[in-house]
Amino acid sequence: MEHAYLGVDVGSISTKGVIIDKENNILASQYIWTQGDPIGAVKELVGLLEAQFDRERYKVVATGTTGSARKLVGTILGATMVKNEITAHAVGTTTFYPDVRTILEIGGQDSKIILVENGVAVDYAMNTLCAAGTGAFLSSQAKRLGIEVEEIGDYALRSTHPTQIAARCTVFAESDLVHKIQMGHPREDIIAGVCNAVASNYLNNVGKGKKIVSPVVFQGGVSKNKGVVAAFERALGCKVIVDPNGHLMGALGVAILAKKGSKRQEFDFAVENMEFHTREASCGKCSNHCEIICVYRGDELIDAWGNRCERGERTR
Amino acid sequence: METNNITVGLPRAMLYYRYRILWGVFFQELGVKTVVSGPTDRDILEQGSALAIDEACLSLKIYLGHVHALLGQCDYILLPRVSNFGHHRNMCTRFEAMPDLTKNVFRDTQQKFLTCNIDVLAGEDEEDAFLSLGRQLGFGPKAAKRAYKLAKKADQAQHKARVQKQEELSRREGLKILLAGHSYVVEDPYIGKVVTDYLKAAGVTPLRADLVEREHALKRSRELSPTCKWEISREILGGIDLRKGQVDGIILIGAFPCGPDAMVNELITRRVRGVPILNLVLDSQTGTAGVETRLESFIDIIRLKEGML
């Protein structure tokens with residue numbers, strides 16, 4: 001049996017999974033919506049991956065999880081590697097683009113920039129408390145303008161005079177946008193303006209003070225938006241690479257990390273048929289009242305976290 | 001040592017982290033009992049948030065929670081006003097407003113407060129402030145002066161020992177990360193201490209930018225900013241300039257929304273080159289997930305650079 005490695009990236013909006021072989025070739029991949037149910041999404045994902053995967057020839061010997069639900073999903077899948085999404089993206093991208101110098105990433109609710117030198121991430125920044133210019137902003141503005149979020153790119157590319165939209169803050173951008181609609185600006189110009197606002201917002205916030213050097217790779221859900229890609233190319237004055245598998249980069253990165261890690265644990269596809277549920281318990285042992293998340297497989301408590309001190313450690 | 005029946009309450013917040021020895025020894029030498037509020041927890045933060053206006057910084061909210069916890073536990077609660085230590089040596093407005101603001105918040109309680117004023121530009125220095133504390137509690141200038149001198153000595157000895165410890169840590173093998181932030185943020189068990197704990201658990205040695213020889217740090221801060229006027233920010237700037245070559249990364253820890261930090265941290269990220277910097281802004285979120293993701297990835301990036309991951 002040849003060895004294979006599973007990587008799962010569970011974000012706020014979408015859940016991504018890949019299975020790779022030793023040479024990092026993709027054996028199976030899937031992208032589905034999380035829809036506020038990371039456990040349900042990951043069970044569905046495992047089923048979809050299994051259908052594409054040759055179980056006669058390969059076995060999955062290590063599993064990695066990343067994304068905001070990495071801990072929860074890591075417990076459910078019995079992961080051998082649980083890593084934050086920044087490291088996963090850096091490792092994934094530098095594996096496929098060894099020359100990359102700058103990674104731009106805009107996801108559903110966060111955005112980040114990673115600077116790379118000689119194939120190694122040397123600096124990065126992440127949006128802090130503000131979600132300005134992320135995918136959530138684009139989808140809410142698309143709704144306001146009565147179009148599908150997937151159509152934004154085509155509309156934006158048709159515009160010849162993008163409307164100026166205040167980019168500093170989502171709240172200001174939104175009120176400015178409403179004003180411009182009421183003033184009678186054409187829809188494609190406004191949409192192109194929104195795309196420009198996302199790019200300049202990103203460069204002024206997350207990318208502030210960072211030296212952006214080509215080759216630039218752009219990934220995350222928003223990289224699928226041609227309007228934003230064009231806006232970045234205009235603002236940076238260089239080509240911006242969007243990988244067709246860009247949305248899988250986190251999952252690929254964590255699969256590679258799982259492969260490189262020392263732990264081995266054969267993955268059991270049966271999890272797709274197991275019952276998992278979580279319960280929130282408030283620890284009453286001190287006045288911090290920590291919110292502890294307990295994860296159960298059937299009736300069995302398999303993990304718990306959220307406690308600030310050892311008084312809240314789980315007792316089986 | 002003589003004792004009397006006065007008890008002074010010290011809120012375990014803000015300048016307590018800087019002056020605990022100075023205050024503690026001073027009152028002890030006068031035979032005045034002190035009571036310190038407990039470590040910050042969720043109750044204290046929630047109580048303080050309810051008492052503060054929305055725009056107040058997280059540290060002020062925590063402070064008011066500690067004052068609340070001391071109500072009725074002591075004869076007086078110490079509320080110093082610290083305005084400045086001289087030209088270009090100012091404290092944040094919060095410290096200038098502390099007695100007025102706090103007394104106003106608790107105006108409907110029976111609690112008595114003990115205040116003093118450090119405002120060198122207006123002719124009142126630290127010693128004057130301590131003599132005034134003594135006077136208000138019924139001690140003559142001689143007794144108060146003696147207590148202050150002993151307290152100052154103990155304070156300086158303790159600070160020197162802490163600086164010495166930093167020197168030792170800076171020579172340790174392995175990954176070292178400099179924490180740059182106000183002591184009441186970095187050391188507070190509910191907000192900033194999670195960062196130190198996380199780093200230690202990850203096998204990283206945390207160093208502190210503010211634990212430096214203060215006079216030297218003030219001078220050194222000029223390297224990064226010749227015009228910064230905030231005393232504590234200048235100590236931190238000096239500490240960063242001193243340590244930046246000895247560490248693998250710098251974490252700027254601030255409490256939201258801090259006025260001086262908003263300016264100074266921006267300045268640091270622009271002027272300090274060649275070492276990775278993470279700007280961590282702490283708010284009253286109950287979860288630590290966001291902080292952990294940022295810390296974990298920051299350490300990973302540094303380790304990747306060294307080829308250690």
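## Two cis peptide bonds

In chain B of this predicted model, Pro257(B) sits in the loop that runs between strand E7 (249-255) and helix H11 (259-271) of chain B. The peptide bond leading from Phe256(B) into Pro257(B) is cis, with an omega near -15°.

Chain A also has a bond of this kind, since Ser214(A) and Pro215(A) are joined by a cis peptide bond whose omega is about 0°. Pro215(A) belongs to the loop between H7 and E9 of chain A. As background, most peptide bonds are trans, and most residues other than glycine have a negative phi.

## Positive phi angles

Two residues of chain B that are not glycine take a positive phi: Met14(B), where phi is near 45°, and His88(B), where phi is about 60°. Met14(B) lies in the loop between strand E1 (7-10) and H1 of chain B, whereas His88(B) is placed in the loop between strand E3 (76-84) and helix H4 (93-105) of chain B.

Are these residues buried, exposed or partly exposed? Met14(B) has 24 other C-beta atoms within 10 Å and is therefore buried, the cut-off for a buried residue being 20 or more. His88(B) has 16 other C-beta atoms within 10 Å, and so counts as partly exposed. In chain A, a glycine with a positive phi is Gly237(A), which comes just after H8(A) and has a phi of about 70°.

## Chain A as a whole

The secondary structure of chain A comprises 9 helices and 13 strands, and the C-alpha trace spans about 65 × 50 × 35 Å along its principal axes. The radius of gyration of chain A is 21 Å, which agrees with the value near 20 Å that a compact globule of 316 residues would have. Of those 316 residues, 47% are buried, and among the contacts in chain A with a separation of 6 or more, 63% join residues 24 or more positions apart.

Helix H8 (residues 226-236) of chain A gives a local view of this burial, for its buried residues are Gly227(A), Val228(A), Val229(A), Ala230(A), Ala231(A) and Phe232(A). The elements that cover the buried residues of H8(A) include strand E6 (102-106), helix H5 (152-158), H7, strand E9 (216-219) and strand E10 (240-241) of chain A.

## Chain B and its two domains

Chain B has 12 helices and 8 strands, and its C-alpha atoms fill a box of roughly 65 × 40 × 35 Å along the principal axes. With 309 residues, a compact globule would have a radius of gyration near 19 Å, and the 20 Å of chain B agrees with this. Buried residues account for 44% of the 309 residues of chain B, while residues 24 or more positions apart provide 70% of the contacts in chain B with a separation of 6 or more.

Chain B is divided into domain 1 (7-156) and domain 2 (172-305), and the C-alpha centres of the two lie 26 Å apart. Where they meet, 19 residues of domain 1 of chain B are in contact with 20 residues of domain 2 of chain B. On the side of domain 1, helix H1 (16-29), helix H2 (42-51) and helix H3 (58-70) of chain B each give two or more residues, and H3(B) gives the most, with 3 residues. By class, this side of domain 1 of chain B holds 11 nonpolar, 5 polar and 3 charged residues.

## Nonpolar cores

In soluble globular proteins, nonpolar side chains tend to be buried together. Here the largest nonpolar core has 166 residues, and those that touch the most other members are Cys195(A), Val198(A), Ala255(A), Leu179(B), Ala180(B), Ile251(B) and Ile253(B). Helix H7 (residues 187-204) of chain A supplies the largest share of this core, 10 residues. Leaving aside residues up to four places away in sequence, Ala180(B) touches Ala209(B), Ile236(B), Ile240(B), Ile250(B), Ile251(B), Leu252(B) and Ile253(B). Another core, of 5 residues, lies apart from the largest one and includes Leu211(B), Ala217(B), Leu218(B) and Leu242(B).

## Contact between the chains

The contact between the chains takes 18 residues from chain A and 19 residues from chain B. On the side of chain A, helix H3 (85-96) and strand E8 (120-126) of chain A each supply at least two residues, and E8(A) provides the largest share, 6 residues. This side of chain A has 9 nonpolar, 7 polar and 2 charged residues.

## Confidence

For the complex, the predictor gives an ipTM of 0.71 and a pTM of 0.82. The mean pLDDT of chain B is 93, with 96% of its residues reaching 70 or more. Among the elements of chain B, the lowest mean pLDDT (82) belongs to helix H12 (residues 289-305) and the highest (98) to strand E6 (residues 205-208).

Conventions. Residues numbered from 1 in each chain as written. Chains lettered and ligands numbered in written order. Predicted model: local features only at pLDDT ≥ 70, side-chain atom pairs only at ≥ 80, totals over all residues. Contact = placed C-beta atoms within 7 Å. Helix = DSSP H or I, 4+ residues; strand = E, 2+ residues; numbered from the N terminus. Nonpolar A, V, L, I, M, F, W, Y, C, P; charged D, E, K, R; others polar. Domains from an automatic or database assignment. Core = buried A, V, L, I, M, F, W, Y, C linked by C-beta atoms within 7 Å. Buried ≥ 20, exposed ≤ 12 C-beta atoms within 10 Å, placed from the backbone. pLDDT = per-residue confidence, 0-100. Rg over C-alpha atoms; globule rule 2.2 N^0.38 Å.
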